[in-house]
Amino acid sequence: MSSIENPLKILLLGDASNCHRTLAGALRSMGHNVILASNGSGWMETERDIDISRAPGTFSGAWLWTRLNTMKWRRFTGYDIVVVSNPNFLDLKPHRTQHFFNFIRRHNRSVFLTALGTDIPFLDLCNDPDTPLRYSEWKIGDRPAPLPLADPDALTRWHTAPMQRLNNAVYQNIDGAVSVLYEYDLALRRVLPSRSIAYGGIPIDTAAITPVYIPDRPDRVRFFIGIQQDRQFVKGTDRLLAAAKKILEKYPQKATLDVVSNLPYSVYIDRMRSAHVVLDQLYSYTPATNALLAMAMGLSAFSGNEPEYYNFIGENELHPVIGCYPDDEMIFNTLENIVLHPENLSILGRQGRQFVMRHNDSHIVAHRFLNFWKKKIDIPTNTLS
């Protein structure tokens, strides 16, 4: 661990897809004192220092609220930096979350947001008639995407008065926000001034991942897809799975498919390592955690692959992600091309590993977060800290 003269005391509050846990590890290796409080990213059961998960049951919300209040003075005060993962960072009713946010705002030096998932500014970006996004999980061109068609009341639930008040309370009282995706950065810029926004990216602990790489010409392309039962319409895995099954029907000797559902994080990662191509998501412009982990392993990933993202991060050389417009025929044709030209996969896999080390290594990402936080609270920055 690095030793620094004035380590910061940092609380990461909430998590998604292991992002804050990976960030915490990198910050600790720099010598900072970091506590992670999360629900373990739900079914993923990722590691955390303080468990703030909500158990099932009739009185589960009351039990979580009681537990938080019992330890709030001891575990949630006195930090230099507190970072919430979302305005709705607790699995509680909005007014409870807002009350707890007000408490941490009063009793800590600074509070930041990591734009790490869906919130009202992102929803408003996706559903604006003039949105710069050609597609998202909410709209494809001018048409509703499968998500709002399957759940017509979803937008209404996000825009209730209590949710709006919570969103406003957070965005009006944070010291700044760091995005992890290109799309989330666009959403932040609709509600915050540029000086209060930075891009961090998703941290990947590349040092802990030994690449497996893909044979120069595999006899059978091994596709892998992880299904989150409650997020299929968000990620588009329902359509990716349907296309992959058609590929297997047409090319039974050229491809295999491994389908997993809601596995714990550690088991999921081990299972992924046997794949050649990880089918991640359909509606994103940016490769997210699942795809980046696959790429760090030297595998190929089907995920966000739009030129706006590469331009945003200034990457003109490495474009290793496979992707396409969310059209079923295009999805099938893209997967078919993979099966018919498996010799391309090893090249993409090696480029993917390079890409993640260049843009998403956890220490590179942690420096971006840390330098932005320090700048906003007037602490001298040192990129070697």
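His276 touches Ile214, Pro215, Pro218, Arg220, Val221, Arg222, Leu299, Ser300 and Leu345, leaving out residues up to four places away in sequence; contact here means heavy atoms within 4.5 Å. This is a predicted model, in which local features need pLDDT of at least 70 and side-chain atom pairs count only at pLDDT 80 or more, while totals for chains, interfaces and linings use all residues. Residues are numbered from 1 along each chain as its sequence is written, and side-chain values use heavy atoms, with hydrogens and water left out.

His276 sits in the loop between α11 and β12; helices (H or I, at least four residues) and strands (E, at least two) are DSSP runs, numbered from the N terminus. With 3% relative accessibility, His276 counts as buried, a term that means under 20% relative accessible area, with exposed over 50% and partly exposed in between (1.4 Å probe, protein chains only). A polar atom of the His276 side chain lies 3.3 Å from the backbone oxygen of Arg220.

On one flank of this loop is helix α11 (residues 265–272), whose buried residues are Tyr265, Tyr268, Ile269 and Met272. These residues cover an arc of only 95° around the axis, which puts them on the same side of α11; the arc is that of the directions from the helix axis to the C-beta atoms. An α-helix has 3.6 residues a turn, so residues three or four places apart point the same way. The cover over the buried residues of α11 includes β10 (221–227), β11 (255–261), β12 (277–279) and α12 (289–296).

Turning to the sheet, four strands form an open, parallel arrangement in the order β11-β10-β12-β13, where two strands pair if DSSP finds at least two bridges between them. β11 and β13 (300–302) stand at the edges with a single partner strand each, so one side of each is left without a neighbour in the sheet. From one strand to the next, the twist averages 20°. β12 and β13 pair in the parallel sense over three bridges, and Val278 stands opposite Ala301 in β13.

Two helices accompany these strands. Helix α10 (residues 237–250) packs on the sheet and touches β10, β11, β12 and β13, its direction making about 150° with that of β11. Helix α14 (residues 328–340) lies across β10, β11, β12 and β13 and runs at about 145° to β10. For these angles, axes are lines fitted to C-alpha atoms, for helices over the stretch in contact, and angles run from 0 to 180 degrees between N-to-C directions.

Note on methods: Polar contact = N/O pair within 3.5 Å; in protein donor to acceptor, adjacent residues only side chain to side chain.
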